[in-house]
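Me: I am new to this structure and would love a close look at one part of it. Please start with a single sheet, and then show me what else there is to see around it.

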Amino acid sequence: MALLEIRNISRSFGAFTAVKDVSFDVSSGEFFTLLGPSGCGKTTILRMIAGFDLPDAGQILLDGRDLVATPAERRPIHTVFQSYALFPHLTVGQNVAFPLRMAGVNETELRRRVADTLEQVHLAELAEHYPHEISGGQKQRVALARGLVNRPRLLLLDEPLGALDLKLREEMQLELIKLQREVGVTFVFVTHAQPEALALSHRIAVMNQGRIEQLDEPSRLYSFPKNRFVADFIGNCNLLEAGVVEGQDGLLRLQAAGLGEILAPAREDVNVGDKGVLALRPEQVRIGAADALPPPFPKGGGGDFATPDDPGASENPPQPPFGKGGGNSFPGTVRDFLYVGDVTTYQVTLDNGQELAALRANDAPGRARFFEVGDRVTVSWAWDAGHFVRD
Amino acid sequence: MRKLPLWLKLAAGATFAFLYVPLLVVVAYSFNDSRLNAEWVGFTFAWYRVLFNDAEMLLAARNSLFIALVASTCATILGTLAGLAIHRYRPRWLPLLVITPVAMPEILLGVSLLVFFIQVLHLTLGLLSVVLAHITFSIGFVAIIVRARLAGMDESIFEAARDLGASPWQTFRLVTFPLILPAVVAGFLMSFTLSIDDFVITFFTAGVGVSTLPLQIYSMIKIAVTPEVNAVSTLLMLLTLVLVVVASRLDKGFMKGGE
């Protein structure tokens, strides 16, 4: 049985529906993330689990027991707030001791557990300090320690890393993963930052406008988005408008706007005539100098490995016709590039007008880029690289 | 620190002089060995001796302290509750109802209270009526101060307390109250000073039997501003100064934390 079961909950504020009929389960020991843009309803769901708000309809079950009638202070669930919400009039040690005092833990036990927990978040030497005397990262740890000290069944984290700078945020991500593994408490994490969600979570529910768009493991969300929203929201993605011309043996022939026919793997049920987008990650798109690549197709002609009037194509099931490393290939011109250190993302305008982002690792020492704006290039991707998303 | 231009220093000096020279003159003349506030004759404690032998003045002082203590205590409790309620439930009319007496001209409040006490409550004017009147005009000040402090606080602190297992009452006792305490104390001291120097409303609601320090001083200066008045004013000033210093010390202590 799942630890936490959300059953068809809805919540409206006046005319605005924040959460629409949402259901999901969280298993014991899981690091579960609600991910979505601001206003998507993720925080509303968190507040209902914590007990600060009640659903208009639906059930919230913990260990199979309905929580709706239980006030926040009697739920074995603690929250780490975005603002940390440390008690400013109490020291770090007193803050961490607070939930233990409320639970009536005796003084010796309380001292031991506060010391242990502070040790765990590397704050033992700050126990006597007040919250205004410590840094943002340290406040974050105090909030975590306070939330975990009496081992709740569930720890809710509301954008807890949002206020930290990038370097500290990455450190805290690693520490969060370690801490969660150590204490074994189930985490429900809310964030709008998708890299954070991918890095931390066992499973992610991507939310939009009060609904869950897709609930999956991070790598599946990234590689196999279910719809346009998820493909666009998770990571960077080229979205090529396309329609299905033919599908057979795990392969799709797509008619892409401005590109002509391209190949894509078929992973779900799609029918001929379906419209959608081909989601193609920039790191799946290879970029090379126009003259450096051998012509990738036996018959030449950008990407049209089999035109509709090619007699061979309709009779035989379409096969990747170019063997290993083959794929869809198009000439184009570099319009722009974005250097971020380890990689450079090139914006390429294909000769047929389509824009495409391609990413290349800066593996040659001292080189910030391999191409300049205006360079003629060829972009290509393996036939099984993209992922077709039906509308 | 950056060097300030001369004109700014002069302007600041002039402002402070305008504020404090009249007060210092009163203090100085309270030690003047002369019946008249005309010229400096010599130093004396005589007027303080006169003051402490003036039975009427002492009674007035006792009344003032009693009224201020009772009225500001009641006003602090009611005003704090009002401030909490305004912050928590955001009622539409309560702020207006609580704050109107603060903005109301004193003379109007004095007259209305007088009419209300006599015509409606059939109350004999005396200490009780003055205390009630002072509570009335002090509640608003306390409520405003407490509410301002609450408004400046992170709302999730109170949710965090509940979330970590505190009942509503424990949340108030262990988190909300310690956090608003500086504002509550400030509100108390504010109403105390307002009460101790109130003249207009006290004048209307005191009746014939009761006198307070401001009423007593007023009745004395009808004849002349005697050095005894200077002396009592100096003591009143001293009391206020002590209250202000205590309040700021207390406030700083609480800002730093500590249970």
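In what order do the five strands of the open sheet in chain A stand, and is their pairing parallel or antiparallel?

Reply: Happy to walk you through it. Please keep in mind that this is a predicted model. The five strands of your sheet stand in the order β13-β12-β11-β14-β20 of chain A, and their pairing is antiparallel. The sheet is open, with β13 (260-265) at one edge and β20 (387-390) at the other. Each of these two strands has a single partner, so one side of β13(A) and one side of β20(A) are left without a neighbour in the sheet. The strands are also turned against one another: between neighbours the average is 45°, with direction ignored.

To look closer, pick out β11 (residues 238-248) and β12 (residues 251-256) of chain A, which run antiparallel and are joined by six bridges. One place to find on the screen is A:Gln248, which faces A:Leu251 in β12(A).

Where does this part of the chain belong? Chain A is split into domain 1, covering 4-228, and domain 2, covering 236-390. The centres of these two domains, taken over C-alpha atoms, are 41 Å apart. Five residues of domain 1 and six residues of domain 2 make up the contact between them. On the domain 1 side, the touching residues are two nonpolar, two polar and one charged.

There is another open sheet to visit in chain A, and this one has four strands in the order β2-β1-β4-β5, with antiparallel pairing. Its edges are β2 (16-26) and β5 (65-66); each has a single partner strand, so on one side each lacks a neighbour in the sheet. Strand β1 (residues 4-13) of chain A is a good guide here. Seven bridges tie β1(A) to β2(A) in the antiparallel sense, and five bridges join β1(A) to β4(A), again running antiparallel. You can follow this at A:Glu5, whose bridge partner in β2(A) is A:Asp25 and whose bridge partner in β4(A) is A:Leu61. Next to look for is A:Ile6, paired with A:Phe24 in β2(A). Two residues lie between the strands in the hairpin of β1(A) and β2(A), where A:Gly14 takes a positive phi near 60°. Across β1, β2 and β4 (57-62) of chain A lies helix α1 (residues 42-50), which runs at about 65° to β2(A).

Now for the helix pairs. Two packed helices are described by the angle between their axes and the distance between the axes. For α2 (residues 92-102) and α3 (residues 107-120) of chain A, the angle is about 130° and the axes are 10 Å apart. The two helices α2(A) and α3(A) are therefore oblique to each other, and their crossing is right-handed. From α2(A), the contact uses A:Gly93, A:Val96, A:Ala97, A:Leu100 and A:Arg101, which meet A:Leu110, A:Arg113, A:Val114, A:Thr117 and A:Leu118 of α3(A). By class, these residues are six nonpolar, two polar and two charged.

The next pair is α4 (residues 136-148) and α5 (residues 166-183) of chain A, packed at an angle of about 15° with their axes 12 Å apart. At that angle, α4(A) and α5(A) are therefore roughly parallel, and they pass in a right-handed crossing. Here A:Gly137, A:Gln140, A:Leu144 and A:Leu148 of α4(A) meet A:Leu168, A:Met172, A:Leu179 and A:Val183 of α5(A). The contact has six nonpolar, two polar and no charged residues.

Finally, turn to the partner chain. Chain B has 11 helices and zero strands, and its C-alpha atoms fill a box of roughly 70 × 65 × 35 Å along the principal axes. The contact between the chains draws 20 residues from chain A and 17 residues from chain B. On the chain A side, β6 (77-80) and α2 each supply at least two residues. Helix α2(A), which you met packing against α3(A), gives the most to this side, with three residues. By class, the chain A side has 13 nonpolar, five polar and two charged residues.

Methods:
Residues numbered from 1 in each chain as written. Chains lettered and ligands numbered in written order. Predicted model: local features only at pLDDT ≥ 70, side-chain atom pairs only at ≥ 80, totals over all residues. Axes fitted to C-alpha atoms, helices over the stretch in contact; angles between N-to-C directions. Parallel < 35°, antiparallel > 145°, perpendicular 65-115°, else oblique. Left-handed = near helix turned anticlockwise from the far one by under 90°. Contact = placed C-beta atoms within 7 Å. Nonpolar A, V, L, I, M, F, W, Y, C, P; charged D, E, K, R; others polar. Domains from an automatic or database assignment. Pairing = 2+ DSSP bridges.
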